[in-house]
Amino acid sequence: MDSKELIELRQDKNKLKQMYKICKPKCFAFMAKCFGSQSMDDTKMFTVFNDAVIVLYEKLEDPDFKLTSSIQTYLNSVCRNMALEGFRKEQKLYKTTDRDIENLDYSDQVTDVLEEITNESPYEKAINKAFAVMRNKGGNCAEILTMFWYQKASMEEIASRFTYTNAKNAKNQKAKCQKRLKDIALQFERN
Amino acid sequence: MKVITEITKNTYELTFNSEAEYEWFQIGRLFIESDDIYKDLIENALIKKNKSKEDVLSWRDLFFMEIAEQNEHLDDQNPLIKLIRTLPLFISNIKFINHLPKATAALGREILLDELIDNKNADQLIPDKLIEAALKKKSRDDLKRNFEEWNAEDEIKETVFVPNKSESEKIYTKKFSYLKYLIAACFIGAIAVIGYNNFNNGYDFEDSQFVKTSEKIVNKNKGLGFANKEEKGKSITIQVFDFNKAIVLNKSVSDKLVLHSYLFSDKELKLVLEDSNIKTEVVELEQSVFYLKINDKFFKIEKTNEFKNLEKLNDPKIIEQLERILFKNE
């Protein structure tokens, strides 16, 4: 059974901002308690917290994602995981006051971390390069495609954002942008 | 099959920007089965002969991209769908479509954080009016402080150096004190005049340190089809006057130039904006009907001999038309 907060977030993504503001100080306090301010400064906490919110946002699209705790607890856990992962990558020693961390029991609970965007194949690299070109060139294409493919926005929402007269026109524009992206990617792949 | 018919028709309209009455399903079927689609479509008289091979191939690619996007909802048992799923064009498109969420994730994450942290409004955190008011206040405070210092100096001088002065001397000293204010006022006035004159030269857009100049090609409406692809628009010089930067150094700029105004001639467009670091595009929608895009907002502009206020365009139909032209000219 999903928590009420999760259902609300799925129904209205605008609530994310509200949630962001409410959870941020508590997550900061939690990280400070876990690792102490010597191990993590505010900037580091800010980065970790932002990444944790992205994790939650991306999970909202996953129908299998369920929450048995509150969103605050979930974000705390993700922050903890990601902070630990950061220490591990940096090979940095940390001092913890959190017994769970000492016993590493946390790994049985929430294990979500931010998925890194890696591009394995030359084709994927070509698409990303083409997307970067599209983005730098200006115009609405990069944002339209991002709204559709990342934010899962509806055509009505895209039409409203870019003042298209209706959803059909937004859909047409999206299709044209996609085709253009593919054509540019093809050029990169050939070179 | 309804889905094939619809996708064939929609992608035709998308490619050629026009509607037509064709045997859509037959064309769709040929898209799937033909090895030489252009030849087969023309020979079977399924489309008009005026379509280029390049456009037809682009149409077919768009068709497969749409099919790939709808793949999950297609009827698995349909033999035509089964056949589609074996075709290289479909396979390459499905690969492309599947990568799009990942390709857009970096920008998506940036936008999300911008919205959550309100980064977009970071430059608006201190409104221009507040900066202007603060600058004014600072100048006034500085001046007041100077006056106070001068007063204090006067009092010390009066106490230390003129201990037993006569009434006439006192009057003279007081007069001298007023004279000092007068000289100070003249001095400030002179500075202002010199500054104004120096700055006045800056209104000559070419020489001004506050102007950013760029060359742009006017985006022309090449029609809805793919006609006149080679035709290039004429070049125009765009000069953007950075009003905010200028006013910090000289407030009298507001007497000469009006924020959000423009001067437009055949070869030049002069703009007075709060910032010169902006993206601009000029579109000629119809003969001598011009529109200007500043960042993501459109304005209608007309040729003029004096500066006119920029008026924001709100008509969604025209905005859409303009966006389409810009897209085609990109």
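Q: What makes β1 and β9 of chain B edge strands in the open sheet?
A: Start with the order of the five strands in this predicted model: it runs β1-β3-β5-β4-β9 in chain B, and the pairing is mixed. β1 (211-217) and β9 (308-309) each have a single partner strand, so one side of each has no neighbour in the sheet, and that puts them at the edges.

Q: How do you know that β4 and β9 of chain B pair up?
A: Strands pair if there are at least two bridges between them. Two bridges join β4(B), residues 261-264, to β9(B), so the pair meets that cut-off. The two strands run antiparallel, and B:Ser261 stands opposite B:Asn309 of β9(B).

Q: Why is B:Thr280 called buried?
A: Buried means under 20% relative accessible area. B:Thr280 comes in at 5%, so it counts as buried. You'll find this residue in strand β6 of chain B, residues 280-286.

Q: What is B:Thr280 in contact with, leaving aside its neighbours within four places in sequence?
A: Its partners are B:Lys216, B:Ile238, B:Leu271, B:Leu292, B:Lys293 and B:Ile294.

Q: What makes the link between B:Glu110 and A:Arg135 a salt bridge?
A: The rule wants a side-chain nitrogen of Lys or Arg within 4 Å of a carboxyl oxygen of Asp or Glu. Here Arg faces Glu, and the closest N and O atoms are 2.5 Å apart, so the pair fits the rule. Between chain A and chain B the count is eight salt bridges.

Q: How many residue pairs are in polar contact across the interface of chain A and chain B?
A: The rule finds 16 such pairs, with both residues at pLDDT 80 or more.

Q: Which helices supply the side of chain A that touches chain B?
A: At least two residues each come from α2 (15-39), α3 (42-60), α6 (122-136), α7 (141-149) and α9 (167-190) of chain A. The largest share, 15 residues, belongs to α9(A). Sorted by class, that side of chain A has 21 nonpolar, 16 polar and 17 charged residues.

Q: How many residues of each chain are in contact?
A: On the chain A side it's 54 residues, and they touch 45 residues of chain B.

Q: What area do chain A and chain B bury between them?
A: Interface size is often given as the accessible area lost when the parts come together. For chain A and chain B that is about 4600 Å², with 60% of it on carbon and sulfur atoms. In chain A, the residues that lose the most area to chain B are A:Trp149, A:Lys176 and A:Lys182, together 14% of what that side buries.

Note on methods
Residues numbered from 1 in each chain as written. Chains lettered and ligands numbered in written order. Predicted model: local features only at pLDDT ≥ 70, side-chain atom pairs only at ≥ 80, totals over all residues. Heavy atoms only, no water. Contact = heavy atoms within 4.5 Å. Buried area = accessible area lost by both parts, 1.4 Å probe. Polar contact = N/O pair within 3.5 Å; in protein donor to acceptor, adjacent residues only side chain to side chain. Helix = DSSP H or I, 4+ residues; strand = E, 2+ residues; numbered from the N terminus. Nonpolar A, V, L, I, M, F, W, Y, C, P; charged D, E, K, R; others polar. Buried < 20%, exposed > 50% of the residue type's maximum accessible area, 1.4 Å probe, protein only.
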